[in-house]
Amino acid sequence: MARVDRLLANLGYGSRREIAQLVQHKQVVFDGAPVKDPGAKVPITPDLPSRMTVVDKPVDPPAPLTILMHKPLDVVCSHKETGRSVYELLPRRWQARMPGLSTIGRLDKDTTGLLLITDDGPFLHRVISPKSHVAKRYLASLDRPLEGHEVEAFASGTLMLESETAPLAPARLEPIGSHSAHLTITEGRYHQVRRMFAAMGNHVVALHRDRIGALSLPADLEPGQWRILTADEQALIFS
Ligand code: URA
């Protein structure tokens, strides 16, 4: 159970004072009846948006919340980097949510595809932990033709990236044509895919992530679109 004013403040609806005013104006409705007191307690359950409205709209989903996004080109994954961020594609109010939302790993500004954003710390750590071995699949478009030795080099478990001291874990390369391939990796090193091809003397001209574990980017999700990840989809990540 949580106090309505604290719950809505943590969902980014405003200060507790502002929320008290919403309550006073009967703009917060729970189970069909206006909430009478900002200190009233309500159960925080996943079905909250079907039970509570704020100014006639379903309340935002409470934590834990995970978003599946089709990251478009030219947006960054960090709050700190300059430029438009993926968080700006979400409702503005969500930037004030507590706990805050973070991307699960990062995609470069010029990488597109499946991106997860969550306020669920344990889930985030489970996905990025090297112990989980969650596979991430990328579609890489290349400047030069594949030469044939890349599959073995990437699978070897001995490939070293420039200025690193530990070899890369084995990765699976599946050529699609002469200039494109799927590459599946289980680590998340800085610019890893681009640097792997650079180590082969090639250059990635376009990069798109289409799968995390057994979770694929939904075909009907256009670049820049997002939706809430379901529990079934969440489980696919680890299967
Ligand atoms: N590897 C890269 O080089 N860039 C990404 O965005 C993701 C993986």
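How much space lies in the second largest pocket? I will begin there, and I should say at once that what we are looking at is a predicted model. The second largest pocket holds about 250 Å³ of space, and its lining is made up of 15 residues, with Pro46, Pro62, Pro64, Leu65 and Ile228 lying nearest its centre. Sorted by class, that lining contains 10 nonpolar residues, four polar ones and one charged one. As for where these residues come from, domain 1 (2-58) and domain 2 (66-130 + 221-230) each contribute at least three residues to the lining of the second largest pocket.

Let me turn now to the largest pocket, where about 760 Å³ of space is found. It is lined by 34 residues, and those closest to its centre are Gly105, Arg106, Leu107, Gly188 and Arg189. In this lining, 16 residues are nonpolar, while nine are polar and nine are charged. Several secondary structure elements each supply at least two residues of the lining: strand E9 (111-118), helix H4 (121-128), strand E10 (136-142), helix H6 (192-199) and strand E13 (204-212). At the level of domains, the largest pocket lies between domain 2 (66-130 + 221-230) and domain 3 (135-212), because both of them give residues to its lining.

Next, the ligand. Which residues are around the ligand? They are Leu107, Asp108, Thr111, Tyr138, His191, Gln192, Val193, Arg194 and Leu207. Taking the polar contacts one at a time, a nitrogen atom of the ligand sits 2.7 Å from an N or O atom in the side chain of Asp108. With Val193 the partner is in the backbone, where a polar atom lies 3.0 Å from a nitrogen atom of the ligand. For Arg194, a polar backbone atom is 3.0 Å from an oxygen atom of the ligand. The ligand taken alone exposes 240 Å², and of that area the protein buries 96%.

Finally, I would like to look at Arg195, which has its place in helix H6, an element that supplies at least two residues of the lining of the largest pocket. What does the side chain of Arg195 reach at 3.1 Å? At that distance it reaches the backbone oxygen of Glu162. In addition, a polar atom of the Arg195 side chain lies 2.8 Å from the backbone oxygen of Tyr190, and with that contact I will stop.

Note on methods
Residues numbered from 1 in each chain as written. Predicted model: local features only at pLDDT ≥ 70, side-chain atom pairs only at ≥ 80, totals over all residues. Heavy atoms only, no water. 1 Å grid on protein atoms, 1.4 Å probe; cavity = no way out; pocket = protein on both sides within 12 Å on 5 of 7 lines; lining within 4 Å. Points joined across faces, edges and corners; volume = space filled by probe spheres on them. Helix = DSSP H or I, 4+ residues; strand = E, 2+ residues; numbered from the N terminus. Nonpolar A, V, L, I, M, F, W, Y, C, P; charged D, E, K, R; others polar. Domains from an automatic or database assignment. Near = heavy atom within 4 Å. Polar contact = N/O pair within 3.5 Å; in protein donor to acceptor, adjacent residues only side chain to side chain. Areas by Shrake-Rupley, 256 points an atom, 1.4 Å probe, with all protein chains shown as cover.
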